[in-house]
Amino acid sequence: MVFGVLSLGVVYSMPNIFPPDPAVQITFNSSGGSFNDRVVEKIKSNAEKEKINFSFVENDEKSILFRTNNYDDQIKLKQHFEESLDNNFVIALNLAPNTPEWLKSLNAFPMKLGLDLRGGVHFLLEADTDLLIEAKLESAISNLKRILRDLSLKPRALEIENTSIFISLNTQQDEELLSEAVQSLNGFDLESLNSSDYRLRLTEEELEQMIDYAVLQNLNTLRNRVNELGISEPVVQRQGAKRISIQLPGVQDTAEAKKIIGKTANLEFRLEAANRISLASRIDKFPFNGRDVNLEKRLIISGDQVSDASVGYDENGFPQVNISLDSEGGAKMHRSTRNNVGTKMAVLFVERKSRTELINGIPEVINFFEKRIISLATIQSALASQFRITGLDSPEEASELALLLRAGALAAPMDFVEEGTIGPSLGADNIKLGIQSLLLGLGLVLLFMIFYYKIFGLIANLAVVLNIVLIVSAMSILSATLTLPGIAGIVLTIGMAVDANVLIFSRIREELKNNLKPQDAISAGYDRALITIIDANLTTLIVAVILYAVGTGPIQGFAITLSIGILTSMFTAILFTRMMVYFIYGRRKEIEKLWI
Amino acid sequence: MDLTNIGFMKIRRQTTVLSIILIFISIYSLFVNKLNFGLDFTGGSLIEIRLTENIDSLEEVRGLLQSLNLNDFQVNYFGSNRDISIKVPGGDNSIDEDVLIQNLKQDFDFEVRRQEFVGPQVGSELRDQGGLGLLAALAVMMVYIMFRFQYKFALGALLALVHDVVIVLGFFSFFSLDFDLSVLAAILAVIGYSLNDTIVVSDRVRENFRKKRRSNSEIAINRSLSQMIGRTLITSLTTLLVLIALLIFGGETISNFSIALIVGVISGTYSSIYIVCNTLLTLKVTSEDLMIRKTEVLDDGMP
């Protein structure tokens, strides 16, 4: 058993020996598109023309990975791609693991390093509040129209002008009615421009509150999305009024992260416009399967009302997304569909994108919405809060859509205003120094133990080294992230692993002093020290579990290594050393003296 | 060497006085100097740069920051004469790091090694969480030791842990070292370490009390400590060896972390001897307190 665990530990800790290559990764921007050999060859030969060294290129349908030999080449290559490729591609720096195939086939991968040790990606997102304001103004206008109609007041003009609403009245007498109407709208100030014209503005408070609410909701959504990425110790924090910062340590796949985080995807459910309603102002045209489909402008519901979404497969094995709506959404869906059985309902996928254009020679980022129909199906019966979307292209698209819907829509669209990799040189220095000093400390401990406990010290040393191997392999198997506090956990564990052996050995010495025979002293030493060791380790384990429960990212990292270390050290310090001791002394009948 | 009976408890009055003085200094310093909370807890901006050449004085950098209407900032060397860290607290007095870097670039030639900004809200959240974690850890420990040993031991262990935490906090406050997340983690590690030590000593005290029921408490405790002192010192020594290596060669980023652990391990070793055993004697622990109950016999048989 002991050997089984140890060899498992050795195998699964091995991937950590192979340092990863700096690499550049290219993926498609949208969920569609795939790399065929021709595209790959073209990108590759272009890079070769620039005389940038890259050692190896790998690709699958989703992405291409260019491995380089050093960080300088990596940066050069990234710059080259940024200049030469259009905005259909996402280009990201990456660290490509060098795990040999035979280890990969055993599912053995290296452990991830935290932002503080390897550097890491840092995103800064900013909420586009203009769009938020526009939406608010639009809904205010439709409300105001209704109120004014009730007051039988017909304004000459009522329209959005920049970040305010412009109102023009026919006669000045109507002013009283107007201010009465405005009062019932919360959060607006009415300003008189001249005898008949007025301007309606959002109050400063309302604006602030609105943005605050939207950013808080976005923070939540982004947290969910990042969590969906399955990265441990991500940091998603608010930064100032409109910004959200995301740190992703140890991310293997930056491009994927950026794709999921940055996507402002939403769904719109709309009815197909019946032929009798042909007012151009009430319909939108979208292409679908080679023809134009007229949809009503009015939404039934949007993705915000989705409470859960999961991927499933229909009878024919095609991917589908099963959707659950919240109660309000379910009611709306029911109301709209019960009178329209036989009409078609479209599901629109709304994506916010940006492109860079040269305007007067200055590059400027332009944001736009791209809407496309992903499903158009006849309503068979009144729908309620549970239904499904079919007609998706691939399982990947289905799972991405489900993920985005599940993680929630962003209350305000967000743009990447900064994408930074936090000091790779600093991270590299940190890990180098951390490991160097850890090794030095370990070396000192090992020397001391041999000096003090002779043969037994040697056995304990072997146990300590194996313990580190086991911690590393356990962390690799759990794909946990090693951070600076994580190293702290390991340091503490080294101390404690030695401690267990010190307890046992000093007990053996004591028993020898009490004139026990060497064999008896050994078993008495192990038996009596066992309770103490378990008590001591168990209490520390409890501390670690509590820390994990109440702590955040970095503290959790510490708690994880500490817990793993405690468990593995009990194994190595008690079982392994005992086995070794018996192996050396157990078979001899008479032992004169123990080398302890 | 014969270490069977050292009079540890003879100097217990002196050590009590020492502990009280140390704790008093720590708490006084915490009130007067406060803790020098790092960016993780306060929020603000941090920039670490590596200049192309050494500079002898930071006055020029400070002057530049002042000219940007910043006043509450900190500029320090960070490991060498060309590594500089700049900290600007958040709030009204904050500045966009990029603007700051641009301004610095006009006068200096450097590489940005690290650049960070933490919002103030996040900081206070973290602080609360950290404090909560410490309290929860202490509370659950009490219950465990009460269950496994006895309430007098639990009280002793708690006092020892509080002692260690206060001393480390006091040390950081007294020398105004940066208290950041890694230091918090170190303090939590100290709790684990000190507890480990305490349990080991308590275990032996319990064993000796059970062996010789009639003997004097002070003698029993002295004997236990004498038996364990070798182990306690060796373990502390090996842990300190690793930590000192971390402190000297681990680089600036983990130096505070190592300092916290070093102080904590020393304090933890001391407290497991003097605070725990002192508490036991003060509470007049007797062998009756540790009579083997039936439940415990069962419990002891479990691995």
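**Exercise 1.** Determine which residues point each way from E3(A).

*Solution.* A:Ser63, A:Leu65 and A:Arg67 point one way from E3(A), A:Ile64 and A:Phe66 point the other way, and all are buried (20 or more other C-beta atoms within 10 Å of a residue's own, C-beta atoms being placed from the backbone). In general, side chains of a regular strand alternate between the two faces of the sheet. Because 5 of the 5 residues of strand E3 (residues 63-67) of chain A are buried, E3(A) is largely enclosed by the rest of the structure. Strands here are DSSP runs (E, at least two residues), and helices are runs of H or I (at least four), numbered from the N terminus.

The model is predicted: local features need pLDDT of at least 70 and side-chain atom pairs pLDDT 80 or more, whereas totals for chains, interfaces and linings use all residues. Residues are numbered from 1 along each chain as its sequence is written, with chains lettered from A and ligands numbered from 1 in the order in which they are written.

**Exercise 2.** Establish how strand E2 (residues 56-59) of chain A is joined to E3(A).

*Solution.* The two strands run antiparallel and 4 bridges join them; pairing requires at least two DSSP bridges. Within E3(A), A:Phe66 is the bridge partner of A:Val57.

**Exercise 3.** Identify the edge strands of the open sheet E7-E8-E10-E9 (chain A).

*Solution.* This sheet has 4 strands with antiparallel pairing. Strand E7 (157-161) and strand E9 (188-192) of chain A stand at the edges, each with a single partner strand, so one side of each is left without a neighbour in the sheet. E9(A) pairs with strand E10 (residues 197-202) of chain A over 5 bridges, and A:Phe188 stands opposite A:Leu202 in E10(A).

How values were computed: Buried ≥ 20, exposed ≤ 12 C-beta atoms within 10 Å, placed from the backbone.
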